[in-house]
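Colleague: I'm new to this one and would like a close look at a single part, the strand at the start of the chain. Could you set the scene with the whole chain and then walk me through that strand and its neighbours?

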Amino acid sequence: MARIGVVTFPGSLDDRDAQRAIRLVGAEPVALWHGDHDLQGVDAIVLPGGFSYGDYLRPGAIAAVSPIMTEVIDAANRGLPVLGICNGFQVLVESHLLPGGLIRNAHQQFIRRDQRLVVENASTAWTNQFEAGEEIVIPLKNADGGFIADAESLKRLEGEGLVAFRYRGVNPNGSLDDIAGLTNERGNVVGLMPHPEHAVEPGFGPNVAEAMRSGTDGLRFFTSVLESLAARA
Amino acid sequence: MPTIVVDVMPKAELLDPQGKATTGALARLGHGKFENVRIGKRFELTVDGPVTDEIKAEVRKIADEVLSNSVIEDVVGIDFGDGTCECGDACSCGDSCACGASCQCGAAA
């Protein structure tokens, strides 16, 4: 059985939700601790949403230099699948595993909504169970979700297909090019602001056209990584 | 003990939502002539011992790699506290001197 680690930082909120999502697709969640240097031999890693170290300095900045991240960065550079959700995405950006930066939402307010997304890159470790161009609905909740990059970096990441997800309908935070999530060149590291772990179980997911709270598009992030691990084995 | 001051600002070309909110508040209070407010950060690093060239190099590295994120921010100034007063005392840039003179900044960042 695949073992997927979920790192808990001081201030993480959705670590248990991520563990639950992992359990729902038939994998074993493994709790990892920010202060450790031990990845416990996991096959993939989720950096969950919430906050970390009070998000002092910049969101994700202190977590990016925490003991566990030394190991996560090393493992990611060796090809281990890593998914960063919300604050986890901010940690990946601050760790330079993904390009660009995330700043306060342009409208200066926290926002929570069931967000439509377009899957732009369906060939990563975390998105291979989607179709490119497919529309999905994933809950979003953040204050610091504005993605920015300089013009040259933006051109590069658009040109190289590193945009994994784009907001559709509403751009909820002023992100450039409606960017909701990114992948690295290798496709093993993916980060996004919306929360796939909150769209995994009917009755507790986002509202979708068919029925209230029934969206489960988030499950496929986790089945994707299982597929990717199986293909590698 | 010497204190080194590092100033970090959001990049000029990027939206500064905190500054924008403050600009709006000032306008509501009747201070509409201030067309723009931008908010940055000031870090004060206290060091035990003299501010050597080695320390300065270390501070520049910390400022670039930890205290700021070059994607979204610029380090706009580092004050190593090596200014001098007209009366000859040492002082930190921007402070006033014990003798009443203003501090003349020394080596800039």
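Modeller: Sure, and keep in mind that this is a predicted model. Let's take the whole chain before the strand. Chain A has five helices and 11 strands. Its radius of gyration is 16 Å, close to the 17 Å that the globule rule gives for 233 residues, so chain A is as compact as a globular protein of that length. Along the principal axes, the C-alpha atoms of chain A fill a box of roughly 40 × 40 × 35 Å. Of its 233 residues, 55% count as buried. If you take the contacts in chain A with a separation of 6 or more, 73% of them come from residues 24 or more positions apart.

Now for your strand, β1(A), which covers residues 3–8. Five of its six residues are buried, so β1(A) is largely enclosed by the rest of the structure. What does it pair with? One partner is β2(A), residues 28–33: six bridges join the two strands, and they run parallel. To find that pairing on screen, look for A:V7, which stands opposite A:L32 in β2(A). To get from β1(A) to β2(A), the chain passes through helix α1(A), residues 15–24, and this β-α-β crossover is right-handed.

β1(A) also pairs with β3(A), residues 44–47. Here three bridges do the joining, and again the strands run parallel. A handy marker for this pairing is A:G5, whose bridge partner in β3(A) is A:I45. So to trace it yourself, follow β1(A) to β2(A) by way of A:V7 and A:L32, then go back to β1(A) and cross to β3(A) by way of A:G5 and A:I45.

Conventions: Residues numbered from 1 in each chain as written. Chains lettered and ligands numbered in written order. Predicted model: local features only at pLDDT ≥ 70, side-chain atom pairs only at ≥ 80, totals over all residues. Helix = DSSP H or I, 4+ residues; strand = E, 2+ residues; numbered from the N terminus. Rg over C-alpha atoms; globule rule 2.2 N^0.38 Å. Buried ≥ 20, exposed ≤ 12 C-beta atoms within 10 Å, placed from the backbone. Contact = placed C-beta atoms within 7 Å. Pairing = 2+ DSSP bridges. Right-handed = clockwise from strand over helix to strand, strands pointing away.
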